[in-house]
Amino acid sequence: MSETHLILCSLPSSPNYFRQAAATITALIIAQGLATSVRANTDTMMAVEDQNPTELPKVQVAADKIKTALSSPKFTEPVRDIPQTLIVIPSPIYLQQGATNLSDVLRNTSGITFAAGEGGGAASTAGDSFYLRGFDTTNNIFVDGVRDIGSYSRDIFSYDQVEIAKGPAGADIGRGGASGYVNLLTKVPHLENFLAGSAIFGFDEVTSGYRRRATLDINQAVPEAPVTGATFRVNAMWQDSDIVGREFSNNSSWGIAPSLAVGLGTPTRAILTISHVKQDNLPDYGLPSPYIPGYAGVPPAPAVDWSTFYGYAVDYDQVESNAYMARFEHDFSPDLKLSNQTRYSQNGRESIVTTPGTNAASYDPATGLLTRSR
């Protein structure tokens, strides 16, 4: 049984209404036709592309991961498997950053703060003076696992990597601080031959100062030597740099570090290294605290230029560092090795540093003059 429903409705009898309706229907028909045409063209283009696909050139991305490992033979496992906070900074990292001394390298590591002239003495104006996790770590600096004593700035031209151990580490290096230690690994000869070097030049427009530094690294095997695996290596450094933004102060130094190895590639090896570094610096104690805006207990002081130098031109900071190391190794098996290392170092420092006044009594607001002190 079928039913038919008839729906009746009334339409306006105005002629304008029919003309508007006709225009609307015409527009819809045209739009539908355009959409159909676009879809047809798109389908045609996709079909052509499917028949002739475009092949893009292959791109291969490769990178060499810098292999890092702790130098101490006491660490037999990878760093990631040791339950201790250990950080290894290889030389390619800090050389790309333009680091020249140990303090520059340690700026890569969190938890380390540096002294900035505290204490009022010359010992705090130069040298590697820093705190690790809030504890003074100046006397916890090691070279090849042997304590390196001395308040001086260690140039890193002859070191391969810097290792930072955070937390108590008496089992690693014997007596040490509660916060950890820093160990530097000396560059030693290798079997492959290479020649490397670097040159740095800069100019400071404010003080017309220059920054100049050059390093050289030569490694050469000696196949005609009577001993198998004989190789020598020479590292050298020269620097004459003014302090950026500061007048008169200057860091001048040079160093050379030759080394000789025999038996490389054999079970029995011997390595001898020598390092000699000389520094002749004009130290800079910085700006006096009375000139800091808002300094407590001091009337308003005249502003001074950041580059103003408050020392004497006859001030000096001279350092001479000499170190000798002999290492002997013998492999009994892949899992058993005998190693003996002897290191002797002698570090001397002589300095005269003139400091600006550091309290309210050293500043005379009537004359605007500041008293120097030694």
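## A long antiparallel hairpin

Strand 14 and strand 15 (residues 336–352) are paired in the antiparallel sense, with 17 bridges between them. Together strand 14 and strand 15 form a hairpin, and 2 residues lie between them. One position along this pairing is given by glutamine 318, which stands opposite glutamate 350 in strand 15.

Strand 14 (residues 316–333) is also joined to strand 13 (residues 268–281), by 14 bridges, and these two strands run antiparallel. Here valine 277 has serine 321 of strand 14 as its bridge partner. In general, strands of a sheet pair through backbone hydrogen bonds, in either a parallel or an antiparallel manner.

## The loop before strand 14

Valine 314 is placed in the loop between strand 13 and strand 14. Valine 314 is classed as exposed because its relative accessible area is 62%, and exposed means over 50%. Valine 314 and threonine 354 are separated by 40 residues in sequence, while their C-alpha atoms are 9.4 Å apart in space.

## The model as a whole

The structure is a predicted model. The average pLDDT of the protein is 79, and 75% of the residues score at least 70. Two stretches have low values. Over residues 1–14 the pLDDT stays under 50, and the model has 2 contacts for this stretch beyond four places in sequence. Residues 119–124 also have a pLDDT below 50, and this stretch has 10 contacts in the model beyond near neighbours in sequence.

The protein contains 4 helices and 19 strands. It has 374 residues, of which 34% count as buried. Among contacts in the protein with a separation of 6 or more, 63% are accounted for by residues 24 or more positions apart. The accessible surface of the protein comes to about 23,100 Å², and carbon and sulfur atoms hold 59% of that area.

## An open sheet of five strands

An open sheet is built from 5 strands in the order 1-7-8-5-6, and its pairing is mixed. Strand 1 (85–90) and strand 6 (146–147) are the edge strands, each of which pairs on one side only.

At one of these edges, strand 5 (residues 141–143) pairs with strand 6 in the antiparallel sense over 2 bridges. Within this pairing, valine 143 has valine 146 of strand 6 as its bridge partner.

## A nonpolar patch on the surface

Phe232, Leu260, Leu272 and Phe328 make up a nonpolar patch on the surface, and their accessible area together is about 350 Å². Of these residues, leucine 272 is placed in strand 13, the strand that is joined to strand 14 by 14 bridges.

Leucine 272 counts as partly exposed because its relative accessible area is 43%, which lies between the 20% limit for buried residues and the 50% limit for exposed ones.

## A buried serine in strand 11

Serine 241 belongs to strand 11 (residues 231–242). Serine 241 counts as buried because its relative accessibility is 5%, and buried means under 20%. Leaving aside residues up to four places away in sequence, serine 241 touches Tyr210, Arg211, Arg212, Asn250 and Asn251.

Notes. Residues numbered from 1 in each chain as written. Predicted model: local features only at pLDDT ≥ 70, side-chain atom pairs only at ≥ 80, totals over all residues. Heavy atoms only, no water. pLDDT = per-residue confidence, 0-100. Contact = heavy atoms within 4.5 Å. Pairing = 2+ DSSP bridges. Buried < 20%, exposed > 50% of the residue type's maximum accessible area, 1.4 Å probe, protein only. Areas by Shrake-Rupley, 256 points an atom, 1.4 Å probe, with all protein chains shown as cover. Patch = residues over 30% accessible without salt bridge, like charges linked within 9 Å, V, L, I, M, F, W, Y side chains within 5 Å. Salt bridge = Lys/Arg side-chain N within 4 Å of Asp/Glu carboxyl O.
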